[in-house]
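Colleague: I would like a close look at a single part of this model. Please take it piece by piece, then set it in its surroundings.
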Amino acid sequence: MSQDFFCPSYLEIGSGTLNHLPDEARKYGKNVLVVMDPFFRDSALQKRIGEMLEDKELTYYFDVKPNPRDDDINNGAALAASKKAELIIAVGGGSAIDTAKAINIVSTNGATAWDYVKRSN
C-alpha cells in the first residue's frame with residue numbers, strides 16, 4: 001500500500017529570524033495557528049508574536065510534548081480545521097516543529113495521526 005500527502009513547509013532558524021515573521025505571514029491567509037512550546041505561554045515572546053501579527057486571527061496551541069502524541073496532533077488538527085487555519089507557525093524547539101508539521105499533515109490531508117504511521121508488515 002502506498003500513500004502520499006501534501007505538506008508544504010518553510011523553516012527559518014537563527015538569531016533575528018523572528019523579525020521576518022510579518023513578511024512571511026503576509027504571503028498567507030488571515031487565520032493562523034501558532035503551535036508553541038508551553039514554556040512560552042503568556043511570555044514576552046507570545047506577546048511579541050501577537051503584536052507582530054496583529055492583522056491576523058491568531059489561535060495558540062500549547063499541547064506540545066517531546067515525541068508528539070497522536071491525540072495531541074489530532075486535537076491540534078481539529079483546532080486548525082475549526083479555525084480554518086491557512087498558516088501554521090511553530091515556535092519553540094524540535095517538539096513544537098514536529099507537532100506543527102504533523103498537525104499540518106492531518107489537517108490538510110484528513111484521517112488521523114495514527115493513520116500516517118501504521119505499518120502493515
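How many residues does helix 4 have, and what does it reach from its first C-alpha to its last?

Modeller: This is a predicted model. Helix 4 covers residues 94–109, which makes 16 residues. From first C-alpha to last it reaches 22 Å. That is close to the 22 Å expected at 1.5 Å a residue. After the helix comes Gly 110, with a positive phi near 85°.

Now the buried positions. Ala 96, Thr 99 and Ala 100 are buried in helix 4. So are Ala 102, Ile 103, Asn 104, Ile 105 and Val 106. In an α-helix there are 3.6 residues a turn, so residues three or four places apart point the same way. The buried residues of helix 4 pack against strand 1, strand 2, strand 3 and helix 3.

Those strands deserve a word. The three form an open sheet, ordered 2-1-3, with parallel pairing. Strand 2 (57–61) and strand 3 (87–91) are at the edges with a single partner strand each, so one side of each has no neighbour in the sheet. On average, neighbouring strands are turned by 25° against each other, direction ignored. Strand 1 (residues 31–36) pairs with strand 2 over five bridges, in the parallel sense. Asn 31 has Glu 57 in strand 2 as its bridge partner.

Helix 3 (residues 70–82) also packs on this sheet. Helix 3 touches strand 1 and strand 2, and its direction makes about 170° with that of strand 2. Helix 2 (residues 44–52) lies across strand 1, strand 2 and strand 3. Helix 2 runs at about 155° to strand 2.

Technical notes: Residues are numbered from 1 along each chain as its sequence is written. This is a predicted model: local features need pLDDT of at least 70, side-chain atom pairs count only at pLDDT 80 or more; totals for chains, interfaces and linings use all residues. Side-chain values use heavy atoms; hydrogens and water are left out. Two strands pair if DSSP finds at least two bridges between them. Helices (H or I, at least four residues) and strands (E, at least two) are DSSP runs, numbered from the N terminus. Axes are lines fitted to C-alpha atoms, for helices over the stretch in contact, and angles run from 0 to 180 degrees between N-to-C directions. Contact means heavy atoms within 4.5 Å. The expected span of a helix is 1.5 Å times one less than its number of residues. Buried means under 20% relative accessible area, exposed over 50%, partly exposed in between (1.4 Å probe, protein chains only).
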